[in-house]
Amino acid sequence: MQRVTVGILLLMAVLPALEANDPADKDSPFYYDWHSLRVGGLICAGILCAVGIIVLLSGKCKCKFSQKHTPSQ
């Protein structure tokens, strides 16, 4: 019984993945240009990373690590 259940679950998981490789309708609102999306995401991530490094190295962020915390009474 367990083998049958595992087989059915695997079949249900594999069949949609096989059809996903061949998009039928490029005019569908759920069809995405994955290459452009990936390139745009990498450009955005690179810009945000560079801005973060510039902000950290600019000296505008003053972290007060040298302050000693006194226990409250």
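The exercises below concern a predicted model of one chain.

**Exercise 1.** State how many helices and strands the chain has, and how much of the chain is buried.

Solution. The chain contains two helices and zero strands. Next comes burial, for which a residue must have under 20% relative accessible area. Of the 73 residues, 0% count as buried. The accessible surface of the chain is about 7,600 Å², and carbon and sulfur atoms account for 67% of that area.

**Exercise 2.** Compare the reach of α2 with its expected span, and say what follows the helix.

Solution. Helix α2 covers residues 34–58, a run of 25 residues. From first C-alpha to last, α2 reaches 36 Å, close to the expected 36 Å at 1.5 Å a residue. After α2 comes G59, with a positive phi near 85 degrees.

**Exercise 3.** Classify V51 as buried, partly exposed or exposed, and name the surface patch that includes V51.

Solution. V51 lies in helix α2. The class between buried and exposed runs from 20% to 50% relative accessible area. V51 has 44%, so V51 is partly exposed. On the surface, V51 joins V39, I43, I47 and V55 in a nonpolar patch, and together these residues have about 410 Å² of accessible area.

**Exercise 4.** Classify C44 and C49 by accessibility, then give the number of disulfides in the structure.

Solution. C44 has a relative accessibility of 43% and therefore counts as partly exposed. C49, at 46%, also counts as partly exposed. For a disulfide, two cysteine sulfur atoms must lie within 2.5 Å. A search of the whole structure gives zero disulfides.

Notes
Residues numbered from 1 in each chain as written. Predicted model: local features only at pLDDT ≥ 70, side-chain atom pairs only at ≥ 80, totals over all residues. Heavy atoms only, no water. Buried < 20%, exposed > 50% of the residue type's maximum accessible area, 1.4 Å probe, protein only. Patch = residues over 30% accessible without salt bridge, like charges linked within 9 Å, V, L, I, M, F, W, Y side chains within 5 Å. Areas by Shrake-Rupley, 256 points an atom, 1.4 Å probe, with all protein chains shown as cover. Salt bridge = Lys/Arg side-chain N within 4 Å of Asp/Glu carboxyl O. Helix = DSSP H or I, 4+ residues; strand = E, 2+ residues; numbered from the N terminus. Expected span 1.5 Å × (residues − 1).
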